[in-house]
Amino acid sequence: MNNNKVFFAATGLKLISILGLLMMPFEIGVFIEFLGLTSSQAGLVAALETSALALGVVLVSFRMIPLPMILTAAVGVVLVIGGNLVSALLTGQVELIIARCITGLGYGIANATASRLIATCFPVPESAAGKMYAVAYIVATAIYYFFPPIIADGGSYIFFCGLTVLVLVICPVLVYLPRNTDQIARSAKTASTRALFFRPPVIGFFLIEILLMLGLGAIWAFAERFAVNIDLSAERIGLYFALSSGTQFLGACLAAYLGIRFGRTKPLTLSLIPWAIFSIVLATAGSEWAFAVGILGYQFILAFYIPYMLGVGAAFDKGGNIAAAVIGVQIFSFGAGSYAGGLVADSYGIAAIGWLAIVCCGISILLFPKITRPLESVNLIS
């Protein structure tokens, strides 16, 4: 198996699968400005989309799609394309929810497939994931820079059609996905699904992850709204989101470089302190300077953090099933955070979302070490 080709295929698939997450702040803005939804309604649609994503992850993680990797990925990509095309034509909330759920299901299938490839094909998943996300964030830089002005002119139709075009552009690299997955399948059969997922440390890790990403996802979902709140133009918003992709690139590169030199517990806990600070700065930004500091710092820590989440999942399970589920839970919780953020914004004001993030970070700092300290070794456990 050519690991370079697998790496680029997995990176392309991962980029497709996280487009919904990358563009969530703008999707929330489209729902509110062009489709007339309230903050909580927009957050609900986004949360249901990521709930469908979680279902897609479950289908892959629990081995419920009996297809080779390349065909599983194809199913996910087709659902993403179809869901976004249908979304471009809709304005009703119920119909939109159905279309976004179809899209989310596709995102989830694609995402879990990419995560399994990284967890099973590379000896240090943290480093491989860091490199993968670094490449993805380079592409995201261009997306962030050009999309906001286009959305401002074309509304929801251009937004969802633009996402479809991006997926089609990325698709050719997927031909490098491995067709022979016998080795991965044998590794995945080393333990039953129940034995893999229903261990107390695994369940505990998922619960902490859900809490943490709920609060931080609320910040991300309303990042574009924070900018609008201080009257930034679409062009300036696009510029700062593009620059934040640059800091994501740096964060992912740092994770790739460090790997597990300092274990897994320190990166997972200590980085939450600046993440919480950047979150409150972003949520309470009263100036362009404050917004810039908040979004650039937030994105840097996010990109540094996610490879370690994937690495913990890979340490739990050599077959890559838990790693896939960890990233799926992360994205699902981010999406659920959009609904929580909408409720907080409608009830207490948009700045209060920052305090939600701080509370979630604080609790996670206290609880994560109890789960991750036994996983400090480079050797994977099953």
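## T269 in helix 12

T269 is buried, because its relative accessible area is 7% and the cut-off for burial is under 20%. The model is predicted. T269 sits in helix 12, which runs over residues 265-270.

Leaving aside residues up to four places away in sequence, T269 touches three named partners: I365, F368 and P369.

## Helix 2

Helix 2 covers residues 24-33. Of its 10 residues, 9 are buried, so the rest of the structure largely encloses this helix. The buried residues are M24, P25, F26, E27, I28, G29, V30, F31 and I32.

## Helix 5

Helix 5 takes in residues 93-121, 29 residues in total. At 1.5 Å a residue, helix 5 should span 42 Å. The C-alpha atoms at its ends lie 41 Å apart, which agrees with that expected span.

Burial is extensive here too. In helix 5, 21 of the 29 residues are buried, so this helix is largely enclosed by the rest of the structure.

## A nonpolar surface patch

L89, Y145, F146, I150, Y157 and I158 make a nonpolar patch on the surface, with an area of about 630 Å².

One of these patch residues, I158, belongs to helix 6, which spans residues 125-170. I158 counts as partly exposed because its relative accessibility is 31%. That class lies between the buried limit of under 20% and the exposed limit of over 50%. Patch residues must have over 30% relative accessible area, and I158 has 31%.

Methods:
Residues numbered from 1 in each chain as written. Predicted model: local features only at pLDDT ≥ 70, side-chain atom pairs only at ≥ 80, totals over all residues. Heavy atoms only, no water. Patch = residues over 30% accessible without salt bridge, like charges linked within 9 Å, V, L, I, M, F, W, Y side chains within 5 Å. Areas by Shrake-Rupley, 256 points an atom, 1.4 Å probe, with all protein chains shown as cover. Salt bridge = Lys/Arg side-chain N within 4 Å of Asp/Glu carboxyl O. Helix = DSSP H or I, 4+ residues; strand = E, 2+ residues; numbered from the N terminus. Buried < 20%, exposed > 50% of the residue type's maximum accessible area, 1.4 Å probe, protein only. Expected span 1.5 Å × (residues − 1). Contact = heavy atoms within 4.5 Å.
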